[in-house]
Amino acid sequence: MAESRTDHHGLPTRDDRVVVMGVLNVTPDSFSDGGRYADLDAAVEHAVAMVAEGADVIDVGGESTRPGAVRVPAAEEIARVIPVITRLAAAGIVVSVDTYRGEVAERALQAGARIINDVSGGLGDPAMAKIVAQAGCPWVIMHWRGHSRRMTELAHYDDVVTDVLDELRARIDDAVDAGVQPGQLVVDPGLGFAKNAQHNWRLLAHLEVFVDLGLPVLLAASRKSFLGSLLADDAGDPRPTAGREDGTTALTTFGALAGVWGVRVHSVRPNVDAALVAHAIGAAR
Ligand code: PMM
């Protein structure tokens, strides 16, 4: 089986499929796996299991970003993520840290994280861009309009595709102005962040405009609520997170065929399979 290799900034890529990033939320309140991996050994065990299933990166997050979530203090976020990152890095696992705090990013890099996954695209902390420029590491910049507490009220667009694209371009320009090399950047349209279900579907339908930016694109649709709404039962109740796996896998196939670099998912094995299927079709064209 092919292995992932890293480019000179440390971003993994593969010849046989898109990169699969396994989600490891070490928070008591994340929407789909919150609370289950708060214990250090259990978190490490789960990460190792995801790597065994084919995850190329483990994305460690210590603060929930679900709509309405309340922020945790930086010290608490650090206390949650650093011990896990230290253990995973020591085991040779490629770790990204899901944070928009520069201080947390810096500590995570010292502990062995190789990628910064910043859902605020640099807007959450003015210190972040300089830290990334200094470190030379890959930086996922996601489209973001504000903290979780108020993101529903920020979900207004003239045209969601062009607005998100323009706002992402501005984030790229800001990053480059701060000394970050374009080759360090990965872009993410930010499904579910200040977006309603219709916005998410429109972004997915036009994924190629993000791929055309010429930077790697990360797609993070796994178990999100727009899937729950689509797959609602006859009474209109959304499908619970555990039942959104097949929908997630369908989007991985779609995203891989649309040319994304990677997918961020909770359940690794089915998405690795989907990524291989998509690659086989692409390669046969
Ligand atoms: N979504 C969540 C967390 N981190 N990171 C990126 N780059 N893109 C996302 O869409 C994203 C993210 C929220 O989902 P979770 O609670 O399952 O981690």
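This report covers helix α2, its salt bridges and some other side-chain features of a predicted model.

**Helix α2**

Helix α2 runs over residues 74-90. Its 17 residues, at 1.5 Å a residue, should span 24 Å, and the end C-alpha atoms are 24 Å apart, so the expected and actual spans agree. The helix nevertheless carries a kink of about 30° at Val81, shortly before the proline Pro83. After α2 comes Gly92, with a positive phi near 80°.

The buried residues of α2 are Ala74, Glu77, Ile78, Arg80, Val81, Ile82, Val84, Ile85 and Leu88. An α-helix has 3.6 residues a turn, so residues three or four places apart point the same way. The cover over the buried residues of α2 includes the strands β3 (19-25), β4 (57-61) and β5 (95-98). Helices α1 (40-52) and α3 (102-110) are also among the covering elements.

**Salt bridges**

Side chains of opposite charge can pair when their charged atoms come close. The model has 18 salt bridges. Three of them are listed here.

| Pair | Closest N to O distance |
|---|---|
| Arg87 and Asp41 | 3.2 Å |
| Glu77 and Arg101 | 2.6 Å |
| Arg145 and Glu167 | 2.6 Å |

Two of these pairs involve α2. In the salt bridge between Arg87 and Asp41, Arg87 belongs to helix α2 and Asp41 to helix α1, and the pair links parts of the chain 46 residues apart. Arg87 has a relative accessible area of 36% and is therefore partly exposed. Asp41, at 47%, is also partly exposed, because the value stays below the 50% cut-off for exposed residues.

Glu77 forms a salt bridge with Arg101. Because Glu77 lies in helix α2 and Arg101 in the loop between β5 and α3, this pair ties together parts 24 residues apart in sequence. Both Glu77 and Arg101 are buried.

Away from α2, Arg145 forms a salt bridge with Glu167. Arg145 sits in the loop between β7 (139-142) and α5 (160-177), and Glu167 in helix α5, so parts 22 residues apart in sequence are tied together. Arg145 is partly exposed, with a relative accessible area of 24%. Glu167 counts as partly exposed at 22% relative accessibility.

Salt bridges also link Arg14, Asp16, Arg17 and Asp56 in a network.

**A nonpolar surface patch**

Leu257, Val277 and Ile281 make a nonpolar surface patch of about 220 Å². Val277 is part of helix α10 (residues 268-283), and its relative accessibility of 46% makes Val277 partly exposed.

Notes
Residues numbered from 1 in each chain as written. Predicted model: local features only at pLDDT ≥ 70, side-chain atom pairs only at ≥ 80, totals over all residues. Heavy atoms only, no water. Helix = DSSP H or I, 4+ residues; strand = E, 2+ residues; numbered from the N terminus. Expected span 1.5 Å × (residues − 1). Bend = angle between axes of the 7 residues up to and from the residue. Buried < 20%, exposed > 50% of the residue type's maximum accessible area, 1.4 Å probe, protein only. Contact = heavy atoms within 4.5 Å. Patch = residues over 30% accessible without salt bridge, like charges linked within 9 Å, V, L, I, M, F, W, Y side chains within 5 Å. Areas by Shrake-Rupley, 256 points an atom, 1.4 Å probe, with all protein chains shown as cover. Salt bridge = Lys/Arg side-chain N within 4 Å of Asp/Glu carboxyl O.
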